[in-house]
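Reader: Please take a close look at one part of this assembly, the strand that lies where the two chains meet, and set it in the context of the chain that carries it. I would like one connected account rather than a list.

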Amino acid sequence: MRDGFVTLDFLPHQRAAWRALCAEIGLDEFADAVGDDWFSTVGMEDRIDWARPHYERALARFTRAEAVMLIRRHGGWAVPFQSPAEVLGHPQSLLYASAFFGDGQAHLRLPWRIDGAPQATRSYAVAPPLGAHTHEVLAALPAGEAS
Amino acid sequence: MSRKLPLTGVRVVNFGVGGVAPFAASQLAQLGATVVKIEAPNEFIMYTLPPWRGLTTTYAALNANCRSVTLNLKDDTDRALAWRVVETADVMLENFRSGAIDRMGFGFAVVAARNPRIVFCSSSGFGREGEMAGLPCTDPHIQAFSGFAALNGRSQAGERVRYYGMIDLYTGQRICEAVLAALIARQRRAQPQYIEMTMLGAATALLLTQFAGYLGSGPPPTHRARHVAPDGLYPTADQPIAVTVEDNAQFCAFCNAIGRDDLRADSRFVTAPARLANMTVLDEEIARTLATAPSDWWLVTLRRSGVPCARAHHDHEARAHVDMWRRGNLREIAVAGAGTLQAAAPPWDFEGIDQVAGCAPRPGQDTDLLRRAADGFWEAIEKEER
């Protein structure tokens, strides 16, 4: 891609959809060459390293966003490879990530929702200095247990 | 009376597919729960991963200690059987695309209406809301989207995922954690509990230490980011070893052990920040020195000096290592009619309580039992597992 990389995935029953994508991006000959072994050029199989340059050349004229839309339009699975800055500011991260930037601040939360409500977020803050709460904790102990 | 694993008596029904929900369910089973998997019609792991004696090793490992029934949920009789299992379960897991379980008629609202004690966990890649809701997702996609690949993948051949399944398993582990919390909450509040988990949430939690500096107004992390130096794999005369030096005292001990006291006197390496700033040069110096002797020599020398180090095992070496078996990290899993295979054991030990014996189902192996004895199904399999 012009601005990075995307994932590309089709399920075992989606051979026709994969062939249609190949046709649209000029990979007809490649699709013919791999034949029945097509899935090993898409999945996490040994032949992916052999196939990678074909896909990369065919998709080189697109941006990540364009390539993702193209692959999804054919029924394939695709997302962009993102940098940390991109993921932490992505709109989907604001909804579901455990760490994200929102309202100009960094936020943290647990990775799950309970009963549909996002877990409470807290603004990012550095950990306390070592021993910062020693006196507070000792003062809360019953007399005689703090020695 | 013998002690029992903590989740003994807890009943879990897993509608999951692939890695996430099955791994979570298997973890609950290994904590003592009785787990029944309703096989999904699109269980792609059975078709895409290396076959082994009529199933796949991945299927067997991910579904260890679970039971399996195959039901056609479009058939009224089979749906009624599925409801018998769901209505009497404590926990239900599913990880279809967002909304699919609702369309199948087993969404949280209808399940909770028929089983108000249920702890129900839905898991998906990107959640039920937002522009990416409902998009399909497996481990490589979330590695790419979450920044995991950018920070941990190989860069010489473009962006690459690092290991197939890592975030699947981590998400499954976080599901397990959320379910345990919900089971405790249910004791205080007798209501159904709905948990929504996303792989995006789990992956960004996994990356928290790498994101930390950036979240705290520092520069964005890169794949070269380290917290200390030296830290990583270093070549020796025969095979690489891992070395980590965490503070100045260890760095002095390390330099002395490798016969390079000149490094600790070098102004480029005298403090931890200086070593990080000059880690490329430091790595080159260390690599040149460690290349003069074999790994065994350095491991003995560094361990005597208290420097954290380890051999970089290939997987077959790790699998055969005596400590793997002595500590019980690996075990044999028996699969009916297929023999045994080696797989990871639960990483915990409860004192005085035996681990559950390793086994894995063949898909659908318990279907006949459910059809014969739907009323006493849970009791029948619990009796078999005692």
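Author: A residue is called buried here if 20 or more other C-beta atoms lie within 10 Å of its own, with C-beta atoms placed from the backbone. By that rule, 40% of the 386 residues of chain B count as buried, and it should be kept in mind throughout that the model is a predicted one.

The strand to follow is β8(B), which spans residues 193-198 of chain B. Six of its six residues are buried, so that the strand is mostly covered under the cut-off of 20 neighbours. In a regular strand the side chains alternate between the two faces of the sheet. In β8(B), B:Gln193, B:Ile195 and B:Met197 are on one side, while B:Tyr194, B:Glu196 and B:Thr198 are on the other, and both faces are covered.

The pairing of β8(B) involves both chains. Within chain B, the strand β7, residues 119-124, runs parallel to β8(B) and is joined to it by six bridges. From chain A comes the strand β3, residues 112-114, which pairs with β8(B) in the antiparallel sense over three bridges. Strands of a sheet pair through backbone hydrogen bonds, either parallel or antiparallel. At the level of single residues, B:Ile195 has a partner in each chain: B:Cys121 stands opposite B:Ile195, and A:Ile114 has B:Ile195 as its bridge partner. Further along β8(B), B:Met197 stands opposite A:Trp112.

The contact between the chains extends beyond this pairing, with 42 residues of chain B in contact with 34 residues of chain A. On the chain B side, the elements that give two or more residues include, besides β8(B), the helices α9 (166-188), α10 (199-206) and α11 (208-215). The largest share comes from β8(B), which contributes six residues. Taken by class, the side of chain B that touches chain A has 25 nonpolar, twelve polar and five charged residues.

The interior of chain B can be approached from B:Cys121, the residue opposite B:Ile195. B:Cys121 is also among the residues in contact with B:Leu93, once neighbours of B:Leu93 within four places in sequence are left aside; others in that list are B:Val12, B:Phe15, B:Ala21 and B:Ile175. In the largest nonpolar core, which has 111 residues, B:Leu93 is one of the four that touch the most other members, together with B:Val12, B:Leu28 and B:Val179. There is also a second, separate core of 19 residues, which includes B:Tyr234, B:Phe254, B:Leu263 and B:Ile286. Another buried position is B:Gly18, in the loop between β1 (11-14) and α1 (20-30) of chain B; B:Gly18 counts as buried because it has 23 C-beta neighbours inside 10 Å. Its C-alpha atom is separated by 10.0 Å from that of B:Asp139, although the two residues are 121 apart along the chain.

As for the wider frame, the domain assignment of chain B gives domain 1 as 11-208 + 328-385 and domain 2 as 231-317. The C-alpha centres of these two domains lie 42 Å apart. Chain A is likewise divided, into domain 1 (15-73) and domain 2 (84-123), and there the C-alpha centres are 34 Å apart.

Chain B also contains an open sheet of three strands in the order β9-β10-β11, with antiparallel pairing. Its edges are β9 (231-234) and β11 (309-311), and because each has a single partner strand, one side of each is left without a neighbour in the sheet. On average, neighbouring strands of this sheet are turned by 20° against each other, direction ignored. The helix α16, residues 295-304 of chain B, packs on the sheet and touches β10 and β11, its direction making about 155° with that of β11(B). Between β9(B) and β10(B) there are four bridges, and within this pair B:Leu233 has B:Ala242 as its bridge partner.

Chain B as a whole has 20 helices and 14 strands, and its C-alpha atoms fill a box of roughly 80 × 45 × 40 Å along the principal axes. Among its contacts between residues at least 6 apart in sequence, 68% join residues at least 24 apart.

Terms used: Residues are numbered from 1 along each chain as its sequence is written. Chains are lettered from A and ligands numbered from 1 in the order in which they are written. This is a predicted model: local features need pLDDT of at least 70, side-chain atom pairs count only at pLDDT 80 or more; totals for chains, interfaces and linings use all residues. Two residues are in contact if their C-beta atoms, placed from the backbone, lie within 7 Å. Ala, Val, Leu, Ile, Met, Phe, Trp, Tyr, Cys and Pro count as nonpolar, Asp, Glu, Lys and Arg as charged, and the others, Gly among them, as polar. Two strands pair if DSSP finds at least two bridges between them. Axes are lines fitted to C-alpha atoms, for helices over the stretch in contact, and angles run from 0 to 180 degrees between N-to-C directions. Domain bounds come from an automatic or database domain assignment. A nonpolar core is a set of buried Ala, Val, Leu, Ile, Met, Phe, Trp, Tyr and Cys residues joined through C-beta atoms within 7 Å. A residue is buried if 20 or more other C-beta atoms lie within 10 Å of its own, exposed if 12 or fewer, and partly exposed in between; C-beta atoms are placed from the backbone.
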